[in-house]
Amino acid sequence: MSRDHDTYSDADADAGTDGAEPRLIDHLIELRARLLRAVAGLILIFVVLLPFAADIYAVLAQPLLSALPESGKLVAVDPAGGFFVPVKLAFFAALLVTMPWLLYQAWAFVAPGLYHREKRLAMPLLVSAVALFYAGCAFAFFLVLPSVFGFLARFTPDVVAMTPDIGKYLDFVLVIFLAFGASFELPVALVILVLLGWVTPQQLKDSRGYAVVGIFVVAAVITPPDVVSQLMLAIPMCILYELGIVASRWLKPGQTPSA
């Protein structure tokens with residue numbers, strides 16, 4: 001009896017292993033397909049934007065050029081910088097444009113394993129995250145960069161000629177875009193924390209004072225060393241913190257602080 005039982009157990013285990021292996025292979029095939037589609041979309045947009053790389057850079061340079069004297073220009077310290085920097089910008093522009101497509105591929109891969117309620121909550125959060133990231137980049141380009149460069153230009157001595165390197169300028173702008181785009185995700189992050197049960201809306205409200213101090217510290221660390229950019233990041237983040245509390249209360253009404 002024991003031998004038969006052992007034989008049955010071994011056969012059952014083999015059957016379970018055989019059943020799990022095809023499922024794993026199916027997931028890997030699906031993952032590869034999603035990755036290929038994501039990369040293909042990114043490459044396609046990059047190829048489309050590549051002929052316009054110089055024009056895209058000219059648009060990106062406007063906040064700085066508007067703060068420089070009429071004869072002011074950017075320079076390429078690296079001999080190949082005039083070619084590679086616009087190409088680098090075209091790639092990041094393609095990455096920004098295809099972000100919804102990339103996130104959709106990730107969503108399509110994980111969605112079959114989610115429950116209905118998780119799907120119902122995940123899609124609005126995903127759309128909100130993308131929209132807020134774009135809003136943060138737009139806020140940085142149209143409001144923050146002109147203010148920052150105008151502030152810096154006013155305090156530059158007249159005997160100093162501002163001729164920024166195109167590569168360093170692009171790196172600076174990309175860091176600003178990333179900082180503001182990520183910071184604008186604050187409401188989504190708060191809602192996720194509430195949905196996970198790590199905090200409650202009331203706890204977020206009670207911690208408002210600490211949050212404001214933390215926001216100003218973060219703004220001072222990730223922005224250039226000028227008061228203008230720090231305030232222009234900290235103030236929207238404080239507003240977004242309040243929006244996160246409102247959104248979390250709407251999703252989980254009647255939450256009270258845990259004992």
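1. Of the 259 residues in this protein, 32% are buried, where buried means under 20% relative accessible area, exposed over 50%, and partly exposed in between (1.4 Å probe, protein chains only). Please keep in mind that this is a predicted model: local features need pLDDT of at least 70, side-chain atom pairs count only at pLDDT 80 or more, and totals for chains, interfaces and linings use all residues. Residues are numbered from 1 along each chain as its sequence is written, and side-chain values use heavy atoms, leaving out hydrogens and water.

2. Now the overall build. The protein has 11 helices and 0 strands, so every element listed from the N terminus on is α. Helices (H or I, at least four residues) and strands (E, at least two) are DSSP runs, numbered from the N terminus.

3. A word on confidence. The pLDDT, which is the predictor's confidence in each residue from 0 to 100, averages 83 over the protein, and 85% of the residues score at least 70. Confidence is lowest in helix 1 (residues 2-49), with a mean of 73, and highest in helix 2, at 93. Residues 1-17 have a pLDDT below 50, and beyond near neighbours in sequence this stretch has 0 contacts in the model; a contact means heavy atoms within 4.5 Å. Over residues 255-259 pLDDT also stays under 50, but here the model has 9 contacts beyond four places in sequence.

4. Next, contacts along the chain. Among contacts with a separation of 6 or more, 82% join residues that lie 24 or more positions apart.

5. The surface comes next. About 15,900 Å² of the protein is exposed, and carbon and sulfur atoms supply 71% of that area. Accessible areas come from the Shrake-Rupley method with a 1.4 Å probe; for residues, only the protein chains shown count as cover.

6. Helix 2 is a nice place to look. Which residues of helix 2 (residues 53-60) are buried? They are A53, Y57 and L60. Seen down the helix axis, these buried residues fall within an arc of 60°, so they line one face of helix 2. The arc is that of the directions from the helix axis to the C-beta atoms.

7. Finally, the cysteines and a neighbour. C137 is buried at a relative accessible area of 7%, and C238 is buried at 19%. The count of disulfides is 0, a disulfide being a pair of cysteine sulfur atoms within 2.5 Å. A179, found in helix 7 (residues 166-183), counts as buried at 10% relative accessibility. A179 and C137 are 42 residues apart along the chain, and their C-alpha atoms are separated by 8.7 Å.
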